[in-house]
Amino acid sequence: MNGEQVLDQATRALRQHTDAGWVGLRDDVVAAAVRAFRPAAPVRGSSVDGELWVTSTVLVAQVRAALDGLADAAALRITCTTTADDALDRLTVEVVALYGTPLVPLATRIRARAADAVAATLGLDTPPVARVHVDVSVHDVTDDPRTL
């Protein structure tokens, strides 16, 4: 008997003794696998017609565009986390700030702009800053405004 025949015989024997549950996957395992390979997570929003879904990539792009006009800071990285039911939980904005810029007022402006962009994208009707949690982190400081 050659190797291919032995493998075929072993496969047939295994299939006879395997219960149906062995080949099935639990729903939570499938969901975790899908999230692991999905290029962008879905984020749930609302519209006049009901729920809407936006990818996290689109949401991040909208926030980045809203922050592009800042003269004293630039976004380095923007990430969002969602709850188990795909609602936005938190937005994190990492920035580089211009040297000498007061950081607390800068963070307040970034929070407001980011929250407004999220609210517009997801169709939130309540005051955005109260509804959207935005964490701002200064990761670098520069004295050259051209690098922003």
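Pro 42 sits in strand S1. The model is predicted. Four residues touch Pro 42 once neighbours up to four places away in sequence are set aside: Trp 53, Val 54, Thr 82 and Asp 86. Trp 53 and Val 54 fall within the range of strand S2, residues 50-55.

**The S1-S2 pair**

Strand S1 covers residues 42-47. Strand S2 runs antiparallel to S1, and six bridges join the two. The connection between S1 and S2 is a hairpin of two residues. Within this pairing, Gly 45 has Leu 52 as its bridge partner in S2.

How far apart are Pro 42 and Leu 52 in space, C-alpha to C-alpha? The distance is 9.8 Å, with their positions 10 residues apart in sequence. Leu 52 is not in the list of residues that Pro 42 touches.

In a regular strand, side chains alternate between the two faces of the sheet.

**The whole chain**

The chain holds five helices and five strands. Read from the N terminus, their order is α-α-β-β-α-β-β-α-α-β. Chain-wide values are gathered here.

| Property | Value |
|---|---|
| Buried residues | 28% of 148 residues |
| Contacts between residues 24 or more positions apart | 55% of contacts with a separation of 6 or more |
| Exposed area of the chain | about 9,800 Å² |
| Carbon and sulfur supply | 56% of the exposed area, about 9,800 Å² |

What share of the exposed area do carbon and sulfur atoms supply? They supply 56% of it.

Technical notes. Residues are numbered from 1 along each chain as its sequence is written. This is a predicted model: local features need pLDDT of at least 70, side-chain atom pairs count only at pLDDT 80 or more; totals for chains, interfaces and linings use all residues. Side-chain values use heavy atoms; hydrogens and water are left out. Two strands pair if DSSP finds at least two bridges between them. Helices (H or I, at least four residues) and strands (E, at least two) are DSSP runs, numbered from the N terminus. Contact means heavy atoms within 4.5 Å. Buried means under 20% relative accessible area, exposed over 50%, partly exposed in between (1.4 Å probe, protein chains only). Accessible areas come from the Shrake-Rupley method with a 1.4 Å probe; for residues, only the protein chains shown count as cover.
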